[in-house]
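Welcome! Below are some exercises, each with a worked solution to follow at your own pace. Please keep the sequence and the model open beside you.

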Amino acid sequence: MTPLQQANQLFEQKFHRTSELNVYAPGRVNIIGEHTDYNDGFVMPCAINYGTAVSGAKRDDHIFNVYAADLEDTDQFSLTTEITPVANKKWTGYVRGVVKFIQQHCPDFKQGADLVITGNVPLSAGLSSSASLEVAVGKFCQQLGNLALTDTQIALIGQMAENKFVGANCGNMDQLISALGEQGHLLMIDCRSLATVAVPVPENIAVMIVNSHVKHDLVTGEYNTRRQQCERAAEFFGVKALRDVSIEQFKQREAELTAIDEDTAKRARHIVTENQRVLDAVQALNQGDIQTLGKLMGQSHDSMRDDFEITTPEIDYLVELAQVAVGNTGGARMTGGGFGGCIVAVAPVEKVDAVRQLIADNYQKQTGIKEDFYVCTASQGVQVWA
Ligand code: GAF
């Protein structure tokens, strides 16, 4: 059963009526361009065939009555009083935060609803389950209230909810791809101008995701530290964001920055070179050159491991195995925020079994952890179903 069918069914069971509005928003995997989004740079993710569904119907009051089916938990709040966070119930922040910031755009939005939420994005795996929830809830509200909001605005509201309500200082990539993804395509996003370029996934090429099932507690703290280091580097170069520093400009002053703060110099080197790798990857894909894409993914991983320092031994090992299995026909790298989560591998479909097998034979033996392996489809962004 799809998440939407499930949400529909659960809605009927829970509220004894038929849902009037059904929305689905996907998670994402990032092919290349990591931690570049909050540096106003470039990313190239795709939406995946795992996502979050919201089914609901209007109430005749101003209450949002929410059932999170997967957590078997509920939340109620009024749209006519100030919306505030609930302690120790993190998931409610994604819903409440989105509704709160929608009201900042559309102050007349006070329509109550009963809602059921369910999804199949693996949680805490770095595949953007929270962004897909934010975008699904945002789209639900837009449809419910017939609000003049574009999908891009909904994505940015989701990011704002995460930054200012949930308290995670993320960039805009995850929400944008969940809102704007295109079936069969990767989306190159300029995270400053928000311009997008859809790049077709070449025929016969598979996008594989391997969940390491490693998650470190320090994710939020380390993520914020990386952001601060990037901001410090931008200040050093006298620019708004590291997006504005070319590789040549970086090299000219690299030694000077290293002498002041070596870590900051390394973080900047990752961002400056990663932005270029995204642009090169677009070009390679447009020429159907998967070998070059694979090389760029490998360089991106090395840069995340050595310069940005956001990988773990388990993730490095998974990447190594995937790289051995795909050889020079494709590539592999860590994907997402880091400190665990998933790797992504791209290669001709006939390589899928070899990648799956090599990892199945070795990863658990080496780490004691069993991985999950997915072949995913580049999918459409947020959608409304009658
Ligand atoms: C997380 C964040 F939410 C994104 O904004 C992005 O920075 C990503 O890590 C790293 O590329 O998913």
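Helices here are DSSP runs of H or I with at least four residues, numbered from the N terminus. By that rule, E162 belongs to helix α4, which covers residues 151–166. Please keep in mind throughout that the model is predicted.

**Exercise 1. Find out how the chain is divided and which parts of domain 1 touch domain 2.**

Step 1. Start with the bounds: domain 1 takes in 3–197, and domain 2 takes in 202–376.

Step 2. Next, look at the spacing. Taken over C-alpha atoms, the centres of domain 1 and domain 2 are separated by 26 Å.

Step 3. Now turn to the contacts between them: 28 residues of domain 1 meet 36 residues of domain 2. On the domain 1 side, the elements giving two or more residues are β1 (21–32) and β2 (42–58). The most comes from β2, with six residues.

Step 4. Finally, sort that side of domain 1 by residue type: 15 are nonpolar, ten are polar and three are charged.

**Exercise 2. Locate the largest nonpolar core and explain why it lies between the domains.**

Step 1. This core has 104 residues, and V98, A136, A322, I343, V344 and A345 touch the most other members. The element that gives the most to the core is β2, with nine residues.

Step 2. Domain 1 (3–197) and domain 2 (202–376) both give residues to the core, and therefore it lies between them.

Step 3. Take I343 as an example. Not counting residues up to four places away in sequence, I343 touches ten positions that you can look up in the model: V210, S212, I315, L318, V319, A322, A332, R333, M334 and T335.

Step 4. Another core, of nine residues, lies apart from the largest one; its members include C230, A265, A268 and I271.

**Exercise 3. Work out whether S130 and E162 are buried or exposed, and why they gather at one spot.**

Step 1. Begin with the record. An unreviewed UniProt entry has a "binding site" annotation that covers S130 and E162. These residues span 33 residues in sequence, yet no two of their C-alpha atoms are more than 8.6 Å apart, so they gather at one spot.

Step 2. Place S130 in helix α3. A residue is buried if 20 or more other C-beta atoms lie within 10 Å of its own. S130 has 26 C-beta neighbours inside 10 Å, so S130 counts as buried.

Step 3. Apply the cut-off to E162: with 24 C-beta neighbours inside 10 Å, E162 counts as buried.

Step 4. Check the contacts, leaving aside neighbours within four places in sequence. S130 is in contact with Y94 and E162, while E162 is in contact with G97, S130, E134, A168 and C170.

**Exercise 4. Find where A125 sits and which residues it touches.**

Step 1. From the unreviewed UniProt entry, a "binding site" is listed at S124, A125, G126, L127, S128, S129 and S130.

Step 2. Within this list, A125 is found in the loop between β5 (113–119) and α3 (129–144). A125 is buried, because 23 other C-beta atoms lie within 10 Å.

Step 3. Residues up to four places away in sequence are not counted; A125 then touches N211, G341 and C342.

**Exercise 5. Describe the residues that surround the ligand.**

Step 1. Pick them out in the model: the ligand is surrounded by N30, E34, H35, D37, Y38, C170, G171, M173, D174, G336 and G337.

Step 2. Sort the shell by type, which gives three nonpolar, five polar and three charged residues.

**Exercise 6. Decide how R232 should be classed and how far it lies from D261.**

Step 1. R232 lies in helix α6, residues 219–237.

Step 2. A residue counts as partly exposed when its neighbour count falls between the exposed limit of 12 or fewer and the buried limit of 20 or more. R232 has 16 C-beta neighbours inside 10 Å, so R232 counts as partly exposed.

Step 3. Although 29 residues apart in sequence, R232 and D261 are 9.8 Å apart in space, C-alpha to C-alpha.

How values were computed
Residues numbered from 1 in each chain as written. Predicted model: local features only at pLDDT ≥ 70, side-chain atom pairs only at ≥ 80, totals over all residues. Near = placed C-beta within 6 Å. Nonpolar A, V, L, I, M, F, W, Y, C, P; charged D, E, K, R; others polar. Domains from an automatic or database assignment. Contact = placed C-beta atoms within 7 Å. UniProt positions renumbered as here; feature names shortened; annotations may be inferred. Core = buried A, V, L, I, M, F, W, Y, C linked by C-beta atoms within 7 Å.
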